[in-house]
Amino acid sequence: MSAIDLTGRRVALIHPAWHSCGTYRVVLGQIEAYRALGAEVLPIAISADPGFVPGRAWIWKSFTEATPELESGPRYYGGAPFHAMLGPRFLAQTLWPYIHGDQAAIRLGMAERAELSPLVEAQEYDLIHCNHFFLMPVARRLARGRAPILLDTHDLQARQFALINERMHWLSPRATYEAMLAQELSAMRGADLLLHLNAQEAEDFRALLPEKRHALLYPPTPAAPTGPGGSDIVIVSSNNTANVESLIWFLREVAPKAPGVTVKIAGSVDAGVRARAPEEYAAYKDWFLGRVEDPGEVYAGARLVLLPTISGTGLSIKTVEAMSSGLPLIATPQALRGMDRDALSLPGVTLAETAEDFAAALRSAAAIPPKDDSQRSVSAARIYYETRFSLAAYQRNLGALAAPLLGRPLNVS
C-alpha cells in the first residue's frame with residue numbers, strides 16, 4: 001500500500017488517440033496508478049485528424065473498439081473541427097509549415113484547435129498529466145494557470161519526426177530537425193515537471209532545458225501473462241518506422257539463416273512491411289497475424305520472444321512487455337536501450353549483435369523445451385520487470401512526484 005493518498009484529487013490525463021503502440025500501454029498504466037492512489041481520473045483522447053470532435057460516436061468508433069481497456073471508467077474525446085482548418089492563421093502557421101515537413105507544427109496546431117467534451121471543459125483539476133509535448137495546448141487550457149502540469153515526454157520527438165521525414169516527399173525547403181526541436185522545447189517549458197521514460201532521454205532533456213525540473217520515471221507497463229505456455233516463437237510489434245525497419249532486417253538477414261523455424265508476428269507492423277518490403281512480406285505472409293485484440297494472449301501461448309531491434313530511440317516498451325512475460329528472449333543490444341546495465345546480463349536473455357548470431361541463437365533456442373508458468377513467474381527477466389517497470393513500482397514513484405506538486409506554488413509560465 002502506497003503512503004501517498006490522492007483521494008479526492010481530480011486528474012486530467014491527456015493522451016493521443018493512439019492504440020496498439022507503446023504510448024497506449026503507458027497510458028493504461030498511468031490511469032491504473034492514479035486510480036490506485038485514490039484519484040479521480042479523466043482520460044482524454046486527442047485526435048490529430050480533422051473532424052474528430054466529441055459527440056461523433058461514429059467517427060470515433062474504430063478507436064473506441066480498439067481500446068476496450070478504457071471502458072473500465074469514464075473516457076473523453078477531443079479533436080479539431082473541419083472549419084478550424086480554414087482560418088488564415090492555421091493555413092499560414094500550421095498547414096504551410098506542414099507541407100514542408102514540419103511535424104511539430106501540425107501536431108501543435110491541431111491540439112490548439114481541439115474541441116473537448118463539455119464535461120471536460122467544465123471541470124476544475126488538481127493535476128494535469130499530459131503525454132507528448134504536442135498536447136500541451138490542451139493541458140494548459142485545462143490547467144487554467146492553476147493546476148500543475150506533469151509532462152511525459154516519451155522520447156525526444158524531433159528525432160522521431162526527422163526519421164519519419166526521411167521517407168516523405170515534402171516541399172522545399174524542408175523543415176529541419178532544429179526547427180522542430182525548438183517548438184518541442186518551447187511547448188515543454190509550460191510544464192511544471194518533466195517526466196522521462198529512460199536514462200538517456202532524461203540526460204538529453206536536462207541538457208536542453210536545464211532551467212526545468214526533471215525526473216526519471218520508468219513507464220508503468222502492464223504485465224504480460226506468464227503462462228500457460230506453448231510452442232510459439234513470437235515477435236510482437238506495431239507499425240512504426242523503427243519497428244518496420246527492424247522486422248525487414250530480421251526477414252532478410254536472420255530468417256533465411258534459420259530454416260525450419262516458424263515465427264508468429266503479431267501486431268500492426270504487417271502493414272508497414274507489406275508497403276516497404278513486399279517481397280519479404282509475400283515470402284513470410286503466413287507468419288503475420290496482423291493486429292491482435294490482446295497481445296497478452298500471444299505471450300501466454302509462447303515459448304520464446306524475439307526482439308530483432310536495429311532502429312529506434314528511447315525505451316522499448318515491447319521489450320519491457322516481453323520481459324514481464326518471463327519468457328526466454330533473443331534480443332539485439334538495441335532492444336535493451338534505455339535500461340540499466342543489469343539488463344545486459346540477465347539469465348534467459350540472449351544478446352545477439354549480428355544476423356548470424358541472432359540466427360544461431362534462434363536455431364539453438366528452438367530445440368529447448370518451453371517453460372511453464374511456475375518457471376516463467378520467477379525468471380530473472382520477470383523479476384527485473386517487477387522491480388523497475390511494474391505498476392506497483394510506478395505507483396510508488398508517481399505518487400512521490402505528484403504529491404509535492406499539489407502543495408507548492410504553480411508554474412504559470
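The expected span of a helix is 1.5 Å times one less than its number of residues. In this predicted model, the rule can be applied to helix α10, which covers residues 241-254. With 14 residues, α10 should span 20 Å, and its end C-alpha atoms lie 19 Å apart, so expectation and model agree.

Helix α10 also shows how a helix may be placed within a chain. Buried here means under 20% relative accessible area. By that criterion α10 is mostly covered, since eleven of its 14 residues are buried. Among them are L247, I248, W249, F250 and L251, as well as T241, A242 and N243 towards the start of the numbering. At the N-terminal end, N240 acts as a cap: one of its side-chain oxygens is 3.2 Å from the backbone nitrogen of A242.

Attention may now turn to the strands. Strands of a sheet pair through backbone hydrogen bonds, either parallel or antiparallel. In this model, eight strands make up an open sheet with mixed pairing, in the order β4-β3-β2-β1-β5-β6-β7-β8. Strands β4 (115-116) and β8 (214-216) are at the edges and have a single partner strand each, so one side of each lacks a neighbour in the sheet. Within the sheet, β2 (residues 40-46) and β3 (residues 76-79) run parallel and are joined by three bridges; I44 stands opposite Y76 in β3.

Helix α1 (residues 22-36) lies across β1, β2, β5 and β6, at about 175 degrees to β1.

Finally, an unreviewed UniProt entry places the feature "domain: Glycosyltransferase subfamily 4-like N-terminal" at residues 23-215. Over residues 23-215, the chain is 46% helix and 15% strand, and the end C-alpha atoms are 18 Å apart.

Key. Residues are numbered from 1 along each chain as its sequence is written. This is a predicted model: local features need pLDDT of at least 70, side-chain atom pairs count only at pLDDT 80 or more; totals for chains, interfaces and linings use all residues. Side-chain values use heavy atoms; hydrogens and water are left out. Two strands pair if DSSP finds at least two bridges between them. Helices (H or I, at least four residues) and strands (E, at least two) are DSSP runs, numbered from the N terminus. Contact means heavy atoms within 4.5 Å. Axes are lines fitted to C-alpha atoms, for helices over the stretch in contact, and angles run from 0 to 180 degrees between N-to-C directions. UniProt positions are given in the numbering used here, feature names are shortened, and annotations may be inferred rather than shown by experiment. Buried means under 20% relative accessible area, exposed over 50%, partly exposed in between (1.4 Å probe, protein chains only). A polar contact is a pair of N or O atoms within 3.5 Å; within protein, one must be able to donate a hydrogen and the other to accept it, and residues adjacent in sequence count only if both atoms are side-chain atoms.
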